[in-house]
Structures are given as structure tokens and as C-alpha cells.
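Work through the exercises below with the model open. Try each task before reading its solution.

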Amino acid sequence: MKKNELFELTIEDMSTDGEGIGHLRDREEGGLTVFVKDTAPGDRVEARMLKEKKRYAYGRLERILEPSPDRVEPLCEKSRSCGGCTLQHLSYEKQLELKQKYVENCLTRIGGLENAAALMEPIMGMEEPWHFRNKMQFPVGRDKAGEPVVGFYAGHSHSLIALSDCPTGHPVNQEIIRGFREYMKEEAVPEYDEESHSGLVRHLLTRVGFATGELMVCVVINGNKLPGQETLVGKLQAAVERYNREQTPFIRLSSVSININKDKTNRILGFSGRTIYGEPVIVDTIRDLKFEIAPESFFQVNPVQTEKLYGKALDYAGLTGDETVWDMYCGIGTISLFLAGKAKQVYGVEIVPQAIENARKNAELNGFTNTEFFVGKAEEVVPRCYAENSRKYTADVVVVDPPRKGCDRTLLETIISMAPRRLVYVSCDPATLARDIAILTEGGFEVSRVTPADMFPQSMHVETIVLLQRTDM
Ligand code: SAH
């Protein structure tokens, strides 16, 4: 087919990037899989050919001929241009169904599980899939008229889309964005320019303790100093006051900081920072546990779902009180402390030093004396501890909660030799989860239960909790 040629297509599935997928040729004819953005499974569409390769192609949606019964009106007017939410035009039930199926497919195709569907519990969804995010990271730039822009990147690009609000985040962000733009204008603060690696303000990060109302604002800069800091704090305080006048529960500006990132990189946060107002951390609670959180530390972004996720992890861990537990990739020690109340001893390991500082403080804050935390790469710390003293650093239960790239092979091999009775794998990427499951299955584990959890409604991201047990036990 020629470029720009029109064709009709039935959308059958959704890619992990949230593009609709259809087929123009059958497999017998050599199969051509076509990806079309902004479409939904069940749509019959007319599309224009953008790029055709041997086996796959990209088309642009021209016209919906017959809409899918699962289509809904997106809540956000920026949903087509913004790269954040790719599933807003799908009903929430359909989103959940797609995620359940996606996890099942990965476990079957990559993980080699023959009975994936039978092992899976239904995905844990939200009752109200909006305003769920406690953290936002807005890139900062400038529009053609020279006005500061705070927003999001468009899909597959770094062009900025201005936002005054985002319906997945906390509503206080709307006022914070307004106050921050006023500050940039008044103090003539230069925005960062990626291409020339010049200018100052890169990102605006906000995090709200949903249970406590404590607000953290962190400005990521390509430099050491932020001009007009008093103006900034004043504008943020005024923003919070405006919000509190209209809305409850109240928000309190607890922490304003800068984070220094002078690297030419896509990584948002740099490694060091400084508090310029209030506390260096905010506090939030999950169930009856309190957590201090620094700007550099990871903290689950969806508090309503986090409680369900950790509850399931605790359930899968099956603790009786006698166990030695390892929590690998432990962040600020959230899962560790959830488990510590039901275990004899918990060891946690995490690569970000600020997060481990939080974890130690959090153990103390909640009165735990049976925890020990290590800073470093899990794949280095765990093998070292285990080689040093395999009795002390044994494991009855292991929890892993790695970033999207999954677990390091060395770590998986160490876990296999530690031979815990139960291994709880919390994953934010079904494909790397399934890859690691194949290795663990080879090493003598068997998957006994799987539950997906929807931490990120309106996007294709899905979290999965898996219980693995040893076949020889
Ligand atoms: N379990 C925690 C954190 C999960 S996110 C929670 O639920 O809050 C994954 C964590 O792994 C992040 O805190 C990240 O900093 C950390 N991390 C990334 N690579 C790592 C590695 N190689 N070794 C140890 N921790 C790592």
C-alpha cells in the first residue's frame, strides 16, 4: 500500500502503548499488523497509511465508521494529544478486561505457563478511577508567545502540552501550576531547553499525602540556585489558600525543595537536593502505618490501590510470626513494615540512599525493632549477605518489587539458592515479570496465584502480584 492511501480496518486489540491493533492480511498471506492510535477494540475505522514495514504498519485515524460499544467520551479535553492517558476513550470495565488479558497473555507466551487463566484472580480495579495520583511530574517550558508552560509531553515526543489541570491527579495541582507560572513570570526564571541543554527549570514535581493533606513541591533545576525563592514560596502558599477556600479536606504546604539535575538525560530527578521551605519530607499513612517520604524516594502513586496491593502481598506472604523475610527493592520500607508486624525479622534492600534513610526512620516511627535496611543494588547486597552468613540472612519468604526492567539475573539465582518457601513478586511490567517467572520456574518454583491490580487507570500500565512456591515443599 502507498503512503497516505486510505484503508478500512477492524480494531481487534490494544497494544501496550495504547494503540488499537488490526490486521490487513491474514497470517497465510504473510500477515500485516496495523497500529492505529485513538482507536478502540471493536471499532471499524477508516485510516490513512503512515508507514508500512514487512510485517507491521502504522495508520492514522481518519474516520470512525462503526464505533466500538466500549467507547466513552474522554473526561480530559487533552486526552488525544497528551501522552499520559491512552485509554480514556474506553469504558473502565473494558480497560480492566484488557489488562487482565494482557497479563494472562504475557504469562502464557513469555512465562510458559499453561494454566495462567486458572491461576488468575480478577484484577483489582478502582471504584472511582479519577484523581487517584498523589504525585505529578510536570515538564516546564515556554510557548510561542513567551509564556511559561507547565504541562505534559505529547505521545512519543518531547513537545509540551500546556495543562491547567489533570483529572488523574490531585485537584490542588491546578492552583499550584497557576502559582508556579506566576512565579516564573514575575522573577523571569528561565525554563530549561533540552536541545541546547541550557536554561534552568526542568520539572515541577508535586506529591500530596492523601491521608494527611501534606503537600510537597519540588523544583528540578539545571543549576545550583533558584532565583526569588521567597516569591515562589509565597505563590505556593497563596495557591494552597485559594484551594482550601473552595475545597476540603484541607491541604498544607509542608515541604518545598529544589532538586539538582545538571545531566543531559531523560531521567527527571538528580541525586541531590535542598529544602527551601518547611520539612525535608512529607508524612503519609497507609492503614495504621506512618511513612516519611523524601522527594527522591519512590512511593506508590495510587494510595487507594496501594492498600489493596500491599494487602494482597501480605496475604500471599502467608506469615505466622516466625519467618525471616527479605523485601528486595524496598523503597522507603512500605512493604517491609506491612510485613514486619507479622514476621520475626525483615531485611530490606534499596538502591536510593534517601529512601533507605526514610525506611530506617519509618521503622522507628512505627515502633519496629525487627527490621534492618541496606543501601545498594539488590543483586549485589543480597548475594554478599547470603555468602557472608547464610544462617542469619536466610529467607523463609522473599518479596521482590523491581522497577520495570524486572529483576537482575544474579538476584534471581541467589533467590533460587536461598530457597524461600514463598516468593511474592510485585511487578509493574507483565513482560519482564513473565521473563523472570520462566527463570524461577526453571529453578524449582511454581506459580500458585496471580492477581493484577489497576494502579494506573486510563493507561495500559498494570501491576501484578504473583505468589510462587517451591515445588519440593
Ligand atoms: N516496594 C517499594 C518500592 C518499589 S519501586 C514500594 O512499594 O514503595 C522499585 C524500587 O526499586 C525503587 O525504590 C527503586 O529506587 C529501587 N531500585 C531500582 N533498582 C534497584 C536495584 N538494582 N537494587 C535495589 N533497588 C533498586
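Helices (H or I, at least four residues) and strands (E, at least two) are DSSP runs, numbered from the N terminus. The model is predicted: local features need pLDDT of at least 70, side-chain atom pairs count only at pLDDT 80 or more, and totals for chains, interfaces and linings use all residues. Residues are numbered from 1 along each chain as its sequence is written, and side-chain values use heavy atoms, with hydrogens and water left out.

**Exercise 1. The cis peptide**

Task: Find the residues joined by a cis peptide bond, and place P249 among the elements.

Solution. Step one: the cis bond joins T248 and P249, with omega about -5°. Step two: P249 sits in the loop between α4 and β12. Step three, for context: most peptide bonds are trans.

**Exercise 2. Around strand β12**

Task: Determine how β12 is paired, and whether it is enclosed or open.

Solution. Step one: take the parallel side. Strand β11 (residues 214–221) runs parallel to β12, and eight bridges join them. Two strands pair if DSSP finds at least two bridges between them. V219 has I258 of β12 as its bridge partner.

Step two: take the antiparallel side. Six bridges link β12 with strand β13 (residues 272–278). Here S255 is matched with G278 of β13.

Step three: add the helix. β11, helix α4 (residues 229–246) and β12 form a right-handed β-α-β unit. Right-handed means that, with the strands pointing away from the viewer, the path from the first strand over the helix to the second runs clockwise.

Step four: check burial. Buried means under 20% relative accessible area, exposed over 50%, and partly exposed in between (1.4 Å probe, protein chains only). Eight of the nine residues of β12 (residues 252–260) are buried, so the strand is largely enclosed by the rest of the structure.

**Exercise 3. The seven-stranded sheet**

Task: Give the strand order of the open sheet of seven strands, and say which strands stand at its edges.

Solution. Step one: read off the order, β18-β17-β16-β19-β20-β22-β21, with mixed pairing. Step two: find the edges. β18 (371–375) and β21 (445–453) each have a single partner strand, so one side of each lacks a neighbour in the sheet. Step three: take the twist. Neighbouring strands are turned by 15° against each other on average, direction ignored. Angles run from 0 to 180 degrees between N-to-C directions, and axes are lines fitted to C-alpha atoms, for helices over the stretch in contact.

Step four: inspect one edge. Strand β17 (residues 345–350) pairs with β18 in the parallel sense over five bridges. V349 has F374 of β18 as its bridge partner. Step five: add the helix on the sheet. α9 touches β16 (324–328), β19 (397–400), β20 (422–427), β21 and β22 (463–470), and its direction makes about 170° with that of β16. Contact means heavy atoms within 4.5 Å.

Step six: look at Q345, in strand β17. Q345 is buried, with a relative accessible area of 18%. Not counting residues up to four places away in sequence, Q345 touches E323, T324, V325, N370, T371 and E372.

**Exercise 4. Two helices crossing**

Task: Describe how α9 and α10 cross, and which residues make the contact.

Solution. Step one: the axes of α9 (residues 409–418) and α10 (residues 430–442) come within 10 Å and cross at roughly 35°. Step two: the crossing is right-handed. A crossing is left-handed if the near helix is turned anticlockwise from the far one by less than a right angle, and right-handed if clockwise. Step three: α9 contributes R409, L412 and I416, and α10 contributes D436, I439 and L440. Step four: sort these residues. Four are nonpolar, none polar and two charged. Ala, Val, Leu, Ile, Met, Phe, Trp, Tyr, Cys and Pro count as nonpolar, Asp, Glu, Lys and Arg as charged, and the others, Gly among them, as polar.

**Exercise 5. Positive phi**

Task: Is A188 buried or exposed? Is Y329 buried or exposed?

Solution. Step one: recall that most residues other than glycine have a negative phi. Step two: A188 has phi near 45° and lies in the loop between α3 (172–186) and β10 (201–208). A188 is exposed, at 63% relative accessible area. Step three: Y329 has phi near 65° and lies in the loop between β16 and α6 (334–340). Y329 is buried, at 17%.
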